[in-house]
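User: I should like to learn how to read the features of a structural model. May we work through one together, step by step?

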Amino acid sequence: MVFNILNRRPSQKKTILLLIGGIIGTILSLLIMNLFFELSNYPVSFFESQLSFSGQIIKSHFATMSFQELNYYAMGQLFDYGFIISNAAVKFSLAILLARIFSTDSTLRNSGFIVAFLGILGSLFDAIENIFIFFMIGDPIGFNDWLAVIHSVFALAKYILTFIVYIWLLIALILVIKIQLSSQAEKI
């Protein structure tokens, strides 16, 4: 399988460091990003905005914001890139660490390696989504409506992949706990 290199690389130590760094980066970037989003007074939830598929709806959101609030919103989007990179590191490293617990060439191990890359792909879609947000912020009332549609398509793809990744991580974690408990019960 193409992903067999993930059996060895990155090393276990580097993968754990990547996970720790990703968690720290995610927390720090979320704090800063959320501060700017709060200051922006964006009128609806990001989930609602990102999946609007409507330029008119996003223009109506921007119309409620001052120039300074739009700048805060743009700053929040910039710090979102820190979150995107950090969160990609968390999803990638955690999927690899969990996958390596399962037996070699098992479906669970191989699917974990696939999920590691799906986590990166979801983060890439998030980064592309932000590019369209910057285009829209550049002309908050007059941008082409198709920018909002493409923005929402990338947001939807991001959410779908993130859901798949987190469901796999949850199932794998439950199975790992079950394996550990069974192993301990056999020792008794």
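**Reading the pocket, the cores and the fold**

Analyst: Let us begin with empty space. The largest pocket holds about 330 Å³ of space. The model is a predicted one. Rolling a probe the size of a water molecule over the atoms shows where empty space is left.

User: Which residues that line the largest pocket are the closest to its centre?

Analyst: Gln 50, Asp 80, Phe 83, Asp 126 and Lys 158 are the closest to the centre, out of 22 lining residues.

User: Which helices supply at least two residues each of that lining?

Analyst: Helices H1 (12-40), H2 (46-50), H4 (67-99), H5 (107-138) and H6 (145-187) each do so. H4 gives the largest share, with 7 residues.

User: How many residues of the lining fall in each class, nonpolar, polar and charged?

Analyst: The lining of the largest pocket comprises 9 nonpolar, 8 polar and 5 charged residues.

User: Let us turn to the interior. Which residues have the most contacts inside the largest nonpolar core?

Analyst: A nonpolar core is a set of buried nonpolar residues joined through side-chain atoms within 4.5 Å. Here the largest such core has 18 residues, and Tyr 42, Ile 58, Phe 62, Tyr 73, Met 136 and Phe 143 have the most contacts inside it. H1, helix H3 (55-63), H4, H5 and H6 each supply at least two residues of this core. Another core, of 15 residues, lies apart from it and includes Ala 95, Ile 96, Phe 102 and Val 115.

User: With which residues is Tyr 42 in contact, leaving aside neighbours within four places in sequence?

Analyst: On that basis, Tyr 42 contacts Phe 37, Ser 49, Ile 58, His 61, Phe 62, Met 65 and Tyr 73.

User: Why does Ser 49 count as buried?

Analyst: Buried means under 20% relative accessible area. Ser 49 counts as buried because its relative accessibility is 3%. Ser 49 is located in helix H2. Beyond four places in sequence, the contacts of Ser 49 are Tyr 42, Val 44, Ile 58, His 61, His 151 and Ser 152.

User: How many helices and strands does the protein chain have?

Analyst: The protein chain has 6 helices and 0 strands, and its pattern along the sequence reads α-α-α-α-α-α. Its C-alpha trace spans about 65 × 30 × 25 Å along the principal axes.

User: What share of contacts between residues at least 6 apart in sequence joins residues at least 24 apart?

Analyst: The share is 80% in the protein chain. As for burial, 44% of its 188 residues count as buried. The accessible surface is about 10,200 Å², with 72% of that belonging to carbon and sulfur atoms.

Notes. Residues are numbered from 1 along each chain as its sequence is written. This is a predicted model: local features need pLDDT of at least 70, side-chain atom pairs count only at pLDDT 80 or more; totals for chains, interfaces and linings use all residues. Side-chain values use heavy atoms; hydrogens and water are left out. On a 1 Å grid over the protein atoms alone, a cavity is a set of points where a 1.4 Å probe fits but cannot get out, and a pocket is an open set with protein on both sides within 12 Å along at least five of seven lines; lining residues have an atom within 4 Å of a point. Grid points are joined across faces, edges and corners, and a volume is the space filled by probe spheres set on the points. Helices (H or I, at least four residues) and strands (E, at least two) are DSSP runs, numbered from the N terminus. Ala, Val, Leu, Ile, Met, Phe, Trp, Tyr, Cys and Pro count as nonpolar, Asp, Glu, Lys and Arg as charged, and the others, Gly among them, as polar. Buried means under 20% relative accessible area, exposed over 50%, partly exposed in between (1.4 Å probe, protein chains only). Contact means heavy atoms within 4.5 Å. Accessible areas come from the Shrake-Rupley method with a 1.4 Å probe; for residues, only the protein chains shown count as cover.
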